Amino acid sequence: MERPKMAELESLETAAEHERILREIESTDTACIGPTLRSVYDGEEHGRFMEKLEARIRNHDREIEKMCNFHYQGFVDSITELLKVRGEAQKLKNQVTDTNRKLQNEGKELILAMQELRQCRLQQRNISATVDKLTLCLPVLEMYSKLREQMKSKRHYPALKTLEHLEHTFLPQVSHYRFCKVMVDNIPRLREEIKELSMSDLKDFLESIRKHSDKIGETAMKQVPGAQDLVDFSPVYRCLHIYSVLGARETFESYYRKQRRKQARLVLQPPSNMHETLDGYRKYFNQIVGFFVVEDHILHTTQGLVNRAYIDELWEMALSKTIAALRTHSSYCSDPSLVLDLKNLIVLFADTLQGYGFPVNQLFDMLLEIQDQYSETLLKKWAGVFRNILDSDNYSPIPVSNEEVYRKIVGQFPFQDAELEKQPFPKKFPFSEFVPKVYGQIKEFIYACLKFSEDLHLSSTEVDDMIRKSTNLLLTRTLSNCLQNVIKRKNVGLTELVQIIINTTHLEKSCKFLEEFITNITNVLPETVHTTKLYGTTTFKDARHAAEEEIYTNLNQKIDQFLQLADYDWMAPEPGSRASEYLVDLIGFLRSTFAVFTHLPGQVDVHSTMSGKVAQTACMSACKHLSTSLLQLLLEAEVRQLTLGALHQFNLDVEECEQFARSGPVPGFQGDTLQLAFIDLRQLLDLFIQWDWSTYLADYGQPTCKYLRVNPTTALILLEKMRDTSRKNRFRPIPEKRAGQAEVDRHRGQAAARPHQQPPLLRGSGSPSPRPGLQESRWERRFVFFYSPGKSPRSLPPPTAKRSRWNNPGKKRWWQESTG
């Protein structure tokens with residue numbers, strides 16, 4: 001029962017729903033009927049709905065039919081009227097058509113105009129829209145074009161600013177355009193391109209200042225302000241700003257400093273031939289000055305690109321390398337003019353850099369080192385000057401013919417001589433030409449030393465000390481060596497040597513005037529503490545002594561040459577009637593030589609002059625050398641035997657020498673002073689010629705001994721040469737008492753001499769010492785005699801010992817008998 005009820009209820013609901021849908025279809029616009037029909041098909045009763053729909057259509061058709069049947073007559077009337085209207089309508093249609101045709105014909109131009117107007121309106125709208133869009137885009141394009149133009153003209157910093165405006169202001173307004181996206185994508189690349197271009201400009205700048213540093217430095221060295229104006233620093237500033245804006249300032253600073261350090265090392269590397277010319281040094285200094293002028297300007301016009309620590313580091317490196325280079329290359333300079341010009345250039349270099357705030361004390365300290373080298377070059381130069389003066393001198397007193405010449409020489413050399421001034425013209429100065437020339441060159445040397453001290457910021461005392469030390473070196477080393485070389489020449493004669501002595505005497509006296517000359521130019525009094533004194537007196541004294549020694553040596557060599565001509569017949573039985581020819585010639589040479597000393601021009605009193613003293617010393621030296629050489633002739637080992645005849649001939653030669661000494665070849669000797677040179681030889685000859693052995697043996701060692709100057713060794717050697725070689729016996733003194741009286745008598749018997757025999761041999765210190773350890777001086781102080789072979793040697797007591805046994809009459813008689 002319930003199921004049929006439920007089915008019935010569902011059928012009623014469906015029918016109500018279908019009724020509602022039909023009402024909606026009847027009352028709803030056809031355009032909206034779709035959703036209504038969809039609800040029918042969403043259910044499962046669309047078949048029944050179709051049945052109801054058809055039923056509803058049939059109902060409406062019947063109503064329409066009823067309606068039409070009711071109004072049919074009206075319909076017919078209406079048709080009739082319509083037919084009437086039809087003709088009129090046709091006419092109206094024709095009129096309308098005709099009117100339309102006319103209207104169309106008339107409206108074609110208007111339509112065309114309207115179409116054109118419409119097209120124009122469309123174009124106008126497009127143009128307006130385009131203008132609006134271009135109004136937004138054109139600034140972007142203009143900015144981009146401006147950017148390119150700035151980059152092309154290398155205005156990198158403005159280009160970077162333009163790029164920033166373009167990126168942050170203009171591009172965001174037109175970001176939806178494709179070209180803007182391309183621009184946005186290109187912005188990083190453009191930034192990098194600007195960095196590269198600005199860095200390229202910086203590299204060009206660095207290359208340019210490297211090439212033009214010498215020009216910048218040359219301008220700065222001329223003390224011309226604004227040397228930095230020769231350089232366009234804008235690439236540095238632009239690049240610095242660009243990198244700062246791009247956040248890469250540290251990278252730029254590091255790069256700049258690294259490149260400038262490299263350039264500094266290149267600038268500080270001197271050319272290998274820099275020392276050859278001053279231009280080499282000048283270009284080197286100009287480059288260094290130019291480098292630091294640029295860096296100083298960068299320091300003061302940028303904020304932090306370079307700092308003081310960086311500049312100081314570069315300057316310390318530059319200073320050390322510059323000083324090392326100057327020390328090395330200046331050591332090759334041999335021209336003092338070049339060294340002086342170099343000094344002036346270094347001073348200008350130091351002053352220029354000091355003006356830019358760089359410390360230059362080390363450069364001035366180095367100049368003091370170069371001053372030593374400058375002095376060395378001056379000494380070398382003046383060595384040549386002195387050599388030329390000494391070589392060209394005639395070593396003769398300077399003749400003067402008139403007052404003008406006399407005053408000219410006196411003006412060149414400080415010489416005063418009242419006696420010479422009183423003499424009439426022509427007259428002669430005592431010195432030769434090299435005296436005023438050497439004196440003048442010493443003053444020139446002092447002036448040259450003074451030139452180097454200029455602008456070195458030295459005190460007067462330091463300048464005075466420097467000049468005096470250099471002058472001392474000139475005198476004690478350079479001039480002294482030149483004088484010594486002249487003196488040691490083989491072709492220098494005695495006259496030249498005497499003139500050198502006179503010249504050096506006057507130069508020695510002139511040293512006080514050189515002292516005054518230095519004092520006048522330095523304004524430092526000689527008595528000032530620590531003032532260096534001139535050592536010229538020592539130089540000239542040494543030269544004078546060397547000349548004197550050379551005179552003595554030359555005389556002795558001449559004497560030796562004459563003695564080589566000696567040809568004695570040592571076995572001659574009788575002497576000749578006169579002295580040997582070689583000795584006569586020797587004495588003649590000595591007389592003529594010493595006559596030169598006593599007739600020197602310009603000497604008023606030879607006794608008080610230096611040449612007179614030299615003549616006395618030379619004469620004494622020659623006589624002593626002659627005496628010693630003659631004695632050596634007697635003692636030569638080749639002379640094995642000697643006769644009394646030969647000894648007498650030798651005595652004649654010695655007497656010739658003594659006659660020369662007595663004749664006073666050189667004034668100034670007192671008494672027989674000169675003869676004392678031959679006293680040793682004279683006493684020895686007298687001992688042998690007079691055969692005065694008893695006196696010699698009795699008084700030997702006493703101050704009153706007649707033969708005090710006879711050396712026992714010499715006497716014994718000569719006695720050995722005069723022995724009788726046919727006899728083998730040797731004469732010996734009486735032995736000690738302990739040897740026994742018989743042995744004494746035997747020796748005494750052997751000592752008996754025969755009248756026709758030569759003097760016997762006395763063995764003594766002239767023979768080889770039997771005791772190797774015994775000193776020769778001891779053997780020279782006593783006679784030494786030997787026993788027969790196998791016996792121990794015995795010796796006489798020294799001269800100061802007790803001489804009782806020699807005072808014994810028997811012993812004296814034995815010696816007298818044994819010596820004939």
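Let's start with one residue: Asp 279 counts as exposed, at 52% relative accessibility. That puts Asp 279 just on the exposed side, because the cut-off for that label is over 50%. Keep in mind that this is a predicted model.

**Charged pairs**

What does Asp 279 pair up with? Its side chain meets that of Arg 282 in a salt bridge, with 2.7 Å from N to O. Both residues sit in helix α9 (residues 278–301), 3 residues apart, or about one turn of the helix. Here is the background: an α-helix has 3.6 residues a turn, so residues three or four places apart point the same way. And side chains of opposite charge can pair when their charged atoms come close. Arg 282 is partly exposed, with a relative accessibility of 32%.

You can find a similar arrangement in helix α10 (residues 308–330), where Asp 312 and Arg 308 are 4 residues apart, again about one helical turn. Their side chains form a salt bridge too, at 3.7 Å from N to O. Asp 312 is partly exposed at 33% relative accessibility, and Arg 308 is partly exposed at 34%.

Now for a pair that bridges two helices. The side chains of Arg 327 and Glu 369 meet in a salt bridge of 2.9 Å, N to O. Arg 327 belongs to helix α10 and Glu 369 to helix α12 (residues 361–392), so this pair ties together parts that are 42 residues apart in sequence. Arg 327 is partly exposed, at 44% relative accessibility. Glu 369 is partly exposed as well, with a relative accessible area of 38%. Elsewhere, Asp 98, Arg 101 and Lys 102 are joined into one network by salt bridges that share partners.

Here are the three pairs side by side:

| Pair | Salt bridge, N to O |
|---|---|
| Asp 279 and Arg 282 | 2.7 Å |
| Asp 312 and Arg 308 | 3.7 Å |
| Arg 327 and Glu 369 | 2.9 Å |

How many salt bridges are there altogether? The count comes to 25.

**A buried glutamate**

Is Glu 515 buried or exposed? Glu 515 has a relative accessible area of 15%, so it is buried, since the buried label applies under 20%. You'll find Glu 515 in helix α18 (residues 511–522). Setting aside neighbours within four places in sequence, Glu 515 is in contact with Arg 468, Lys 533 and Leu 534.

**The inside**

Zoom out for a moment. The protein chain has 820 residues, and buried ones make up 41% of them. It has 28 helices and 4 strands. Of the contacts with a separation of 6 or more, 75% are between residues 24 or more positions apart.

In soluble globular proteins, nonpolar side chains tend to be buried together. The largest nonpolar core in this model has 194 residues, and Ile 551 and Phe 688 have the most contacts inside it. Helix α6 (residues 178–221) gives the largest share of this core, 13 residues.

What does Phe 688 touch? Not counting residues up to four places away in sequence, it touches Leu 644, Leu 647, Trp 693, Ala 715, Leu 718, Leu 719 and Met 722. Among the buried residues of helix α25 are Ala 715, Leu 718 and Leu 719. In fact, 8 of the 10 residues of α25 (residues 712–721) are buried, so this helix is largely enclosed by the rest of the structure. The buried set also includes Pro 712, Thr 713 and Lys 721. At the N-terminal end of α25, Asn 711 acts as a cap: one of its side-chain oxygens lies 2.8 Å from the backbone nitrogen of Thr 713.

**The outside**

The chain exposes about 45800 Å², and carbon and sulfur atoms supply 51% of that. Some nonpolar side chains are out here too: Tyr 72, Phe 75, Ile 79, Leu 82 and Leu 83 make a nonpolar surface patch of about 530 Å². Take Phe 75, which is found in helix α4 (residues 72–152). Phe 75 is partly exposed, at 49% relative accessibility.

**One last pair**

Thr 553 has its place in helix α19 (residues 536–563). It is partly exposed, with 33% relative accessibility. How far is Thr 553 from Ser 621 in sequence and in space? They are 68 residues apart in sequence and 9.2 Å apart in space, C-alpha to C-alpha.

Methods. Residues numbered from 1 in each chain as written. Predicted model: local features only at pLDDT ≥ 70, side-chain atom pairs only at ≥ 80, totals over all residues. Heavy atoms only, no water. Salt bridge = Lys/Arg side-chain N within 4 Å of Asp/Glu carboxyl O. Helix = DSSP H or I, 4+ residues; strand = E, 2+ residues; numbered from the N terminus. Buried < 20%, exposed > 50% of the residue type's maximum accessible area, 1.4 Å probe, protein only. Contact = heavy atoms within 4.5 Å. Core = buried A, V, L, I, M, F, W, Y, C linked by side-chain atoms within 4.5 Å. Patch = residues over 30% accessible without salt bridge, like charges linked within 9 Å, V, L, I, M, F, W, Y side chains within 5 Å. Areas by Shrake-Rupley, 256 points an atom, 1.4 Å probe, with all protein chains shown as cover. Polar contact = N/O pair within 3.5 Å; in protein donor to acceptor, adjacent residues only side chain to side chain.
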